[in-house]
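Student: Could you take me on a close look at the contacts that hold one part of this chain to another? I would like one connected account rather than a list.

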Amino acid sequence: MKKIHTRPLALHVRAALIAGAATLMTSGMAFATAAEDADKSEAQEQTAPAEQDPAPAPAAADAAQQLGNITVTAQSRTQQVQEVPIAMQVVTAAQIDKLAATDLSKMDMYIPGLSVDGNQATQPFFGLRGISQSDFGIGTDSPVGVYANGVYLGKTGGALMMFNDIERVEVLKGPQGTLFGRNSAAGAISVATVAPGSEFEVQGRTRIGNHGQRYLDGVLNLPLGQDFAARFSFVDNQSDGWLRDAANGDRYKKDDDWGLRSQLQWNVPTGTTVNLSWEHERLKQPSRPAIGVTRLPDWPALPPTDPDVSTYLDPRKAPVLNDTIDNRESRTYDSFVLRVEHPFAFGDFTSLTSFQRYHTFNRADQDGTNRLYLYLDDVNIERHKTWSQEFKLAGKTDLADWVGGVSWYKDDGRQTSQINLFTNSIDTLLNNLGIAPGGLYGPLTQGIQAAGFQYSLLGDPWQENMNNRGVSKAAAIYGDVIWHLTDRLNLTTGARFTRDQRDFSWSTPPRVADELDRTLLSLQSLGLLDALGIPIETFQQNIYFVTPSTLHHPVALKRSWNDTSPRVVLDYKLTPDVMLYASATKGYQAGGFNALEVASVYRPQTVRNYEAGIKSWFPDYKLLLNASVYYYKYSNLPNLTLVSNGGGSGEDLPQYQIIPSDQEAKGLEFEARWQATDSLRVTAAAAYIDQTYKKYTTSDGRDLSGQATGLPLWSGTLGLDYVLHDVFHGDLDFTLQGAFTGKTRCNADSALQGTCISALPFKVGERHTRADFRVGWSSPDMPWSFAVFVNNVFDKRYVTGINNISTSVLGTTSAGITAPRLWGVEAAVKF
């Protein structure tokens with residue numbers, strides 16, 4: 001296995017920045033806190049009101065901005081969020097800081113309708129309004145588009161990046177194909193970072209906490225003359241981990257991730273702006289652990305393959321026993337982006353050119369034990385190079401605001417899906433599947449040694465690989481026009497034409513077992529295999545990736561698809577501060593391939609979304625209220641589904657397969673922000689989603705049509721923010737935030753998937769709650785600020801699901817759990 005090395009240049013830059021930050025902080029130079037009071041941070045995000053409406057009073061406008069009516073670019077235009085007829089939520093830098101969130105997965109429950117699973121950072125999971133795609137193969141795209149400063153990040157290794165000098169995160173719900181360079185059938189997550197400015201700025205922050213948390217970030221903004229500026233930022237996130245192996249003391253759930261971003265901006269006197277940026281990230285930490293819940297018999301007895309689930313161990317209390325060789329999850333990521341903006345008399349031109357490359361490696365335990373005769377791990381290895389180019393024009397007249405663009409995208413990806421066993425665990429498989437009772441390698445070893453030959457066929461590693469290469473190309477033309485029918489009534493029409501092309505191949509080389517092969521060749525040279533009547537080829541056959549056509553040469557397919565997706569929105573201002581809107585939108589995702597099923601092709605995905613909503617601001621009460629209702633139908637959504645014994649043949653290993661389904665959902669979303677007093681702010685949000693399968697049949701013939709997909713009906717969040725003024729010449733800001741997610745809705749396939757099992761001695765899929773607390777002090781007269789934070793205040797622990805992939809063949813079952821209470825202290829400084 002080739003080890004992934006971090007580039008020396010990035011290491012030197014990282015060391016220099018960290019050393020520089022430490023020098024500045026120890027010498028008392030004031031850095032700017034990125035965790036300033038939300039009132040001050042959000043109040044600085046100002047924008048002009050819409051031209052057709054009278055400007056609100058300054059105090060009312062300021063209060064509206066503090067409550068979240070800030071400038072966004074959700075529709076490829078600069079607008080206040082309350083002017084955008086799309087259901088969306090905006091997460092500001094202040095909100096990120098108050099949760100001490102290091103990436104979007106740490107805010108998962110605080111954006112109702114959005115789910116982000118960062119349990120494996122190189123294989124994240126995104127869902128919006130219940131639409132998600134859990135397939136980790138490179139033959140598919142996610143229906144949730146993730147963008148950084150307009151650049152599409154894809155769905156895998158580069159999608160879940162650390163927060164680094166973030167200005168805001170915009171979460172747009174519903175299809176967004178007419179507004180972004182790539183299709184986003186379920187919605188889009190748009191991350192905006194801070195651009196270089198004209199003033200000198202240095203700021204830094206450090207956190208330390210329990211379980212060895214060590215966090216450091218810093219920013220240097222450097223004017224380089226009248227027209228040039230540079231901005232450099234870094235972030236370093238480390239921890240010792242909150243889970244320990246009971247046998248060897250190894251730690252899991254560690255953090256070891258750092259990143260850099262550098263930008264150079266030239267404000268050309270002609271009005272052109274040129275921004276060139278480079279971002280680098282390096283992650284290297286233990287992969288997620290598998291916590292075994294099976295009660296194991298004494299060595300070397302085998303656990304049953306049809307276990308009594310009522311005897312399972314509670315994974316929140318069970319010992320962690322993992323023995324994966326080279327257990328790690330790693331990523332190196334580089335992104336180069338050139339952004340050019342130029343104003344013309346008729347509109348503003350933007351060119352966005354990007355190149356990204358990343359390498360990921362993720363090897364994780366699958367059996368949840370440290371017994372060699374039960375050993376199973378899997379590996380996902382990816383290498384990607386991605387290019388994109390987008391040209392966009394946007395303009396505004398008395399009649400209409402318009403934007404149009406063309407985009408081109410190419411991703412060249414290579415993926416290796418790997419399983420690792422030992423000959424000991426292969427014996428267990430052969431015994432449990434009834435192919436060779438008692439196994440093969442153990443009995444042969446006993447017979448050979450009984451004959452006086454000191455050879456052993458046990459303890460030898462066995463590896464199988466599925467190699468994929470996928471080249472995806474996409475070209476699109478899109479446009480979106482807001483027609484001003486009257487001073488109060490707007491009609492938005494948009495359309496997108498897309499052509500996608502994919503080339504994909506599968507290759508499964510013969511298994512790798514070098515130590516075993518050396519022993520077999522020795523036995524063959526002695527004539528022992530011939531004496532036993534067993535040809536050497538018997539030991540050289542794959543047992544997992546067994547498609548004959550791919551063993552000697554790749555199988556390749558090429559497909560292309562075209563689509564036109566429209567968007568229509570009508571919005572009406574009841575008053576200057578209250579807007580009603582209704583929309584009908586089609587979303588689209590190209591077809592693709594299942595990386596683990598040779599020559600499999602699935603059809604394009606489409607969604608038809610119908611929505612109505614209200615956005616309102618009541619200045620007399622300093623109250624912001626938004627709500628929306630929607631209905632959608634989604635066709636051909638791929639589901640990554642665990643199939644027992646390869647579909648029930650009884651002679652194959654369990655595997656994950658892609659099975660498309662049609663789904664539909666009815667939903668309601670609500671958001672409120674209230675400045676109750678000068679000191680007290682209250683925020684609340686909730687989402688209701690009734691999602692069911694419209695058409696879906698499992699691999700073993702069970703019809704789940706009309707049944708729930710598993711998505712909880714309700715999720716919500718509530719926050720209180722109270723400020724005490726004039727405390728040591730500053731403000732003391734108390735923040736308490738809580739969130740909940742309802743129970744998983746079970747269906748006839750939930751037990752196999754590990755999401756609903758009623759007979760367990762612990763709960764799976766139960767209602768989740770979370771509470772986070774922070775108190776911070778800052779002063780306009782002092783450069784320093786300080787804070788104390790506690791995440792998961794009440795130390796609520798939950799079981800996230802049961803992993804049954806090895807249950808029917810090894811008798812082992814594992815589970816995952818949520819994090820315990822985490823607390824820390826923070827200090828920041830600004831100059």
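Tutor: Happily; what follows goes through salt bridges, a disulfide, a polar contact and some strand pairings in turn. Please keep in mind that this is a predicted model.

Let us begin with the charged pairs. The structure holds 38 salt bridges, and a few of them deserve a visit. Start at K98, whose partner is D733; the closest N and O atoms of this salt bridge are 3.1 Å apart. K98 sits in helix α4 (residues 93-98) while D733 belongs to strand β34 (residues 730-741), so this pair ties together parts that are 635 residues apart in sequence. Are the two partners buried or exposed? K98 is buried, with a relative accessible area of 6%, and D733 is buried too, at 4% relative accessibility. The cut-off behind that word is under 20% relative accessible area.

While you are at strand β34, look for D731, which also has its place there. D731 is buried, its relative accessible area being 12%. Its side chain is joined to that of H725 by a polar contact of 3.1 Å. So β34 holds both D733, the salt-bridge partner of K98, and D731, the contact partner of H725.

Next, please move to R469 and D412. Their side chains meet in a salt bridge, with 2.7 Å from N to O. R469 lies in strand β23 (residues 461-484) and D412 in strand β22 (residues 400-422), so the bridge ties together parts that are 57 residues apart in sequence. Here the two ends have their own settings: R469 is partly exposed, with a relative accessible area of 32%, whereas D412 counts as buried at 17%.

A third pair is K694 with E664, and the N to O distance in this salt bridge is 3.9 Å. The cut-off for a salt bridge is within 4 Å, so the K694 and E664 pair, at 3.9 Å, still counts. K694 is found in strand β32 (residues 680-695) and E664 in strand β31 (residues 655-675), so parts 30 residues apart in sequence are tied together. K694 is partly exposed, at 45% relative accessibility. Salt bridges can also share partners, and in this way R129, K173, E611 and E669 are joined into one network.

K173 makes a good stepping stone, since strand β9 covers residues 166-173. How many of the eight residues of β9 are buried? Seven of the eight are, so β9 is largely enclosed by the rest of the structure. You can also follow its pairing with two other strands. With strand β3 (residues 88-92), β9 runs antiparallel, and five bridges join them; in that pairing V91 has V169 of β9 as its bridge partner. With strand β10 (residues 187-193), β9 pairs over seven bridges, again in the antiparallel sense. There, I166 has T193 of β10 as its bridge partner.

Another set of strands can be viewed as a sheet. Three strands, in the order β18-β38-β37, form an open sheet with antiparallel pairing. Its edge strands are β18 (291-292) and β37 (799-803), each of which pairs on one side only. β37 pairs with strand β38 (residues 814-817) over four bridges in the antiparallel sense, and V799 stands opposite I817 in β38.

Now for a covalent link. A disulfide is a covalent bond between the sulfur atoms of two cysteines. The count here comes to one disulfide, formed by C746 and C756 with their sulfur atoms 2.2 Å apart. The link of C746 and C756 is left-handed, with -90° about the S-S bond. C746 is in the loop between β34 and α10 (750-753), and C756 is in the loop between α10 and β35 (768-778), 10 residues apart. C746 is partly exposed, with a relative accessible area of 48%, but C756 is buried, at 11%.

As a last stop, find I543 in the loop between α8 (528-532) and β25 (555-575). I543 counts as partly exposed, at 28% relative accessibility. The C-alpha atoms of I543 and Q463 are separated by 10.0 Å, and these residues are 80 residues apart along the chain.

Definitions and conventions. Residues are numbered from 1 along each chain as its sequence is written. This is a predicted model: local features need pLDDT of at least 70, side-chain atom pairs count only at pLDDT 80 or more; totals for chains, interfaces and linings use all residues. Side-chain values use heavy atoms; hydrogens and water are left out. Buried means under 20% relative accessible area, exposed over 50%, partly exposed in between (1.4 Å probe, protein chains only). Two strands pair if DSSP finds at least two bridges between them. A disulfide is a pair of cysteine sulfur atoms within 2.5 Å. A polar contact is a pair of N or O atoms within 3.5 Å; within protein, one must be able to donate a hydrogen and the other to accept it, and residues adjacent in sequence count only if both atoms are side-chain atoms.
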